[in-house]
Amino acid sequence: MILITRLKEDNKSIRKHLSLLKIKSLSESIYKIKFISKTLREEENKIFIVVSKQTVKAIKHNPDFKNIKKSFFIAVGKQTSLALKKIGINVKLIALNSTDLISKIKKNKLHKQNSFEYLCGNHFNGDFMSQLQRLNKKSKKNILYNIIPHQKFSKNTLVQLKKRKVKMVLLFSKLACKTFLKIYRGHKLEKSIINEIHFITLSREIALILENKKYRVSCARSPQLESLLKKAYSTYMTHL
């Protein structure tokens, strides 16, 4: 059985995909999202940067949404770009990850005449924000939602873990990884249970957290959902 740790609506589509592959799965949202009503302004020579689907949802729920629909937007990730386009926003540039985005900004010289507004949650990429400010000192972040980690697993997940039915866990961020480990410790589950689990992560950075604790882990070749699911399937069928 594979445990998926995204929000309920995201877990649903992943479970459907795994079901078609004849793999049992379990949904466990280990955090919740609370949107914040922050001001969004269209300004000349300003570019909005969006790096997650949660930010897209926050934009859609924001009272100023209609005022910025025609602004210059940059997206990180194919799924983020598609989500923006779905709500009527024209994405001018797409990057694979934050490193790729900085490279493309420099290549296209977008920082010469533009500042950047990094739309994000309360858990944001601080290094990325610092790089944006070095490119243009007027750049800023705008926190549109809070990620609130859960303190416990659901009853069903706890039962399945204790029965050692969970063979794999999918992790999509460093926060999700740290939250999963914290909840696991909080339940005082046996170490032998987690030692038998194979973790699949979206990036190398997430995998390092688990490697340092000597857990079994593999990471996606690229930070995309399709790549993670491909890695999960091949690992599950080969080793589990």
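Biologist: What covers the buried residues of α10?

Modeller: This is a predicted model, so read every feature as a prediction. The cover over the buried residues of α10 includes β9, α8 (174–186), β10 and β11.

Biologist: Which residues of helix α10 are buried?

Modeller: Start with the general idea. An α-helix has 3.6 residues a turn, so residues three or four places apart point the same way. Now the case here. Helix α10 spans residues 204–211, and its buried residues are Ile206, Ala207, Ile209 and Leu210. They sit on the same side of α10, because they cover an arc of only 150° around the axis.

Biologist: Where else can I practise this? Which residues of helix α7 are buried?

Modeller: Look at residues 155–162. In α7, Thr157, Leu158, Gln160 and Leu161 are buried. Their arc around the axis is only 165°, so they too lie on the same side of their helix, α7. They pack against β1, β2 and α9 (191–195).

Biologist: What does the face of α7 turned away from its buried side carry?

Modeller: Two exposed residues are there, Lys155 and Lys162. Then check what comes next in the chain. Arg164 follows α7, and its phi is positive, near 60°.

Biologist: Now the sheets. In what order do the five strands of the open sheet stand?

Modeller: Read across the sheet, not along the chain. The order is β2-β1-β9-β10-β11, with parallel pairing. Next, find the edges. β2 (25–27) and β11 (216–219) are the edge strands, and each pairs on one side only. Then look at the twist. On average, neighbouring strands here are turned by 25° against each other, direction ignored.

Biologist: How many bridges join β1 and β9?

Modeller: Three bridges, in the parallel sense, link strand β1 (residues 2–4) to strand β9 (residues 168–171). Use one pair as a landmark: Ile4 has Leu170 in β9 as its bridge partner.

Biologist: Which strands does helix α11 lie across?

Modeller: Helix α11 (residues 225–239) lies across β1, β9, β10 (198–201) and β11. The direction of α11 runs at about 170° to β9.

Biologist: What is the strand order in the open sheet of six strands?

Modeller: Trace β3-β8-β7-β4-β5-β6, and note that the pairing is mixed. The edges are β3 and β6 (91–95); each has a single partner strand, so one side of each is left without a neighbour in the sheet. Neighbouring strands of this sheet are turned by 25° against each other on average, direction ignored.

Biologist: How do I see the mixed pairing? In what sense do β3 and β8 pair?

Modeller: Compare the pairs in turn. Strand β3 (residues 31–35) pairs with strand β8 (residues 140–149) in the antiparallel sense, over five bridges. There, Tyr31 stands opposite Pro149 in β8. Strand β7 (residues 115–121) pairs with β8 in the parallel sense, over five bridges. In that pair, Tyr118 stands opposite Lys141 in β8. Further across, strand β4 (residues 46–50) and strand β5 (residues 72–76) pair in the parallel sense over four bridges. Ile49 has Ile74 as its bridge partner in β5.

Biologist: Which strands does α5 touch as it packs on the sheet?

Modeller: α5 touches β4, β5, β6 and β7, and its direction makes about 125° with that of β6.

Biologist: At roughly what angle do the axes of α5 and α6 cross?

Modeller: For two helices, ask how close the axes come, then how they cross. The axes of helix α5 (residues 98–107) and helix α6 (residues 126–135) come within 10 Å and cross at roughly 10°. Therefore α5 is roughly parallel to α6. Now list the residues that meet. From α5 come Ser98, Leu101, Ile102, Ile105 and Lys106; from α6 come Phe128, Gln131, Leu132 and Leu135. By class, the contact has six nonpolar, two polar and one charged residues.

Biologist: Single residues last. Is Thr80 buried or exposed?

Modeller: Thr80 is found in helix α4 (residues 78–86). Its relative accessible area is 5%, so Thr80 is buried. Leave aside the neighbours within four places in sequence. Thr80 is then in contact with Val50, Val51, Ser52, Lys53, Val56 and Ala75.

Biologist: And is Asp100 buried or exposed?

Modeller: Asp100 is found in helix α5. With a relative accessible area of 19%, Asp100 is buried, since buried means under 20%.

Conventions. Residues are numbered from 1 along each chain as its sequence is written. This is a predicted model: local features need pLDDT of at least 70, side-chain atom pairs count only at pLDDT 80 or more; totals for chains, interfaces and linings use all residues. Side-chain values use heavy atoms; hydrogens and water are left out. Two strands pair if DSSP finds at least two bridges between them. Axes are lines fitted to C-alpha atoms, for helices over the stretch in contact, and angles run from 0 to 180 degrees between N-to-C directions. Contact means heavy atoms within 4.5 Å. Buried means under 20% relative accessible area, exposed over 50%, partly exposed in between (1.4 Å probe, protein chains only). The arc is that of the directions from the helix axis to the C-beta atoms. Angles under 35 degrees count as roughly parallel, over 145 as roughly antiparallel, 65 to 115 as roughly perpendicular and the rest as oblique. Ala, Val, Leu, Ile, Met, Phe, Trp, Tyr, Cys and Pro count as nonpolar, Asp, Glu, Lys and Arg as charged, and the others, Gly among them, as polar.
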